[in-house]
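Me: Could you take a close look at one helix for me and walk me through how its two sides and its two ends are set up?

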Amino acid sequence: MSETSGNGKGSATGGCPVDHTAIGKKDGNQSQRPETASEAPHGSGCPVDHSKRGPSFAQSLFGRKSPSGCPVDHKDDQINPLNMMPDLPQAKHDGQKEELSTNRELSSIPRAVGTTEDNVWEYPSSQQFYNALARKNMAAPEEYIDVMVDIHNFLNEGAWNEVLKWEARHKDECKMPRLSRLQGRPRDLSPMARMSGWFHGVRPFDRHDWYVDRCGKQVRYVIDYYEGTPENDMPVFNLVVRPAIDDFSSLTDRAKQLWADAKEKHFGK
């Protein structure tokens with residue numbers, strides 16, 4: 001942070017997700033988890049020129065010519081083990097023309113470090129995000145950085161909401177799960193993503209592994225990020241979120257959800 005298929009799918013629709021009051025909207029679509037569609041319209045339209053966005057919106061917006069995932073170089077020597085990212089500077093980058101905000105937005109995602117409810121993960125500022133792109137020589141139009149940060153934050157909030165739906169199965173043993181650490185793995189296809197490529201010709205543009213602290217028990221979640229079909233010239237992102245089958249409990253959760261989805265599909269609610 002400073003950085004739903006047999007399991008869980010949430011779709012996030014957002015051309016310029018600046019209007020955060022629209023993020024909570026839902027529709028009636030169902031996958032094998034409850035699917036949420038969130039729209040974030042901008043009154044003056046998206047500032048990104050969609051006619052020039054190239055092969056895909058995700059690649060254009062985040063400067064990706066290949067599935068390189070997070071713009072931050074995770075192989076830097078000074079790595080924060082909580083998010084596998086180097087500390088990002090707030091200083092203006094060489095050659096940068098516009099002033100970018102150094103304000104950092106607080107997420108709704110509780111950190112595993114500490115016990116207070118207000119101890120949450122913090123998103124990178126626009127300046128930090130720009131510096132992260134610049135250090136990997138990615139194209140980063142300065143006038144679009146704020147939009148890119150909004151989309152980045154928007155997707156992370158959506159991912160956490162999907163995690164909480166899974167964690168609700170264990171509310172009796174843990175009322176407040178927390179995110180202990182995360183790791184970007186854009187070049188590592190999950191088995192589900194690999195099958196999606198084989199059968200549907202679609203692969204995710206990014207992958208994260210999130211490690212959730214379930215009141216003392218660590219649970220790994222795999223999140224695949226897909227670019228969906230634009231709706232009304234607004235890009236759509238689909239998040240496939242599910243617990244990794246690292247233990248019998250996660251396997252049971254996945255099986256129960258498959259059965260619940262099958263019953264709903266054939267017999268309704």
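**A close look at helix α5**

Reply: Happy to! On the other side of α5 from its buried residues, Phe 248, Trp 259, His 266 and Phe 267 are exposed. Please keep in mind that this is a predicted model.

Now for the helix as a whole. α5 runs over residues 248–267, so to speak from Phe 248 to Phe 267, and has 20 residues. From its first C-alpha to its last, α5 reaches 28 Å, close to the 28 Å expected at 1.5 Å a residue.

Turning to the buried side, the residues there are Ser 250, Asp 253, Arg 254, Gln 257 and Asp 261. These buried residues lie on the same side of α5 because they cover an arc of only 95° around the axis. And what covers them? Both helices and strands are included: α3 (145–167) and α4 (191–200), together with β8 (206–214), β9 (217–227) and β10 (236–243).

The ends are worth a look too. At the N-terminal end, Asp 247 acts as the cap of α5, with a side-chain oxygen 3.4 Å from the backbone nitrogen of Ser 249. After the helix comes Gly 268, which has a positive phi, near 80°.

One of the covering elements, α3, also meets another helix. The axes of α2 (residues 126–134) and α3 come within 9 Å and cross at roughly 95°, which makes α2 roughly perpendicular to α3. On the α2 side, Ser 126, Phe 129, Tyr 130 and Leu 133 make the contact, while α3 contributes Ile 145, Asp 146, Met 148, Val 149 and His 152.

Note on methods
Residues numbered from 1 in each chain as written. Predicted model: local features only at pLDDT ≥ 70, side-chain atom pairs only at ≥ 80, totals over all residues. Heavy atoms only, no water. Helix = DSSP H or I, 4+ residues; strand = E, 2+ residues; numbered from the N terminus. Buried < 20%, exposed > 50% of the residue type's maximum accessible area, 1.4 Å probe, protein only. Arc of directions from axis to C-beta. Contact = heavy atoms within 4.5 Å. Polar contact = N/O pair within 3.5 Å; in protein donor to acceptor, adjacent residues only side chain to side chain. Axes fitted to C-alpha atoms, helices over the stretch in contact; angles between N-to-C directions. Parallel < 35°, antiparallel > 145°, perpendicular 65-115°, else oblique.
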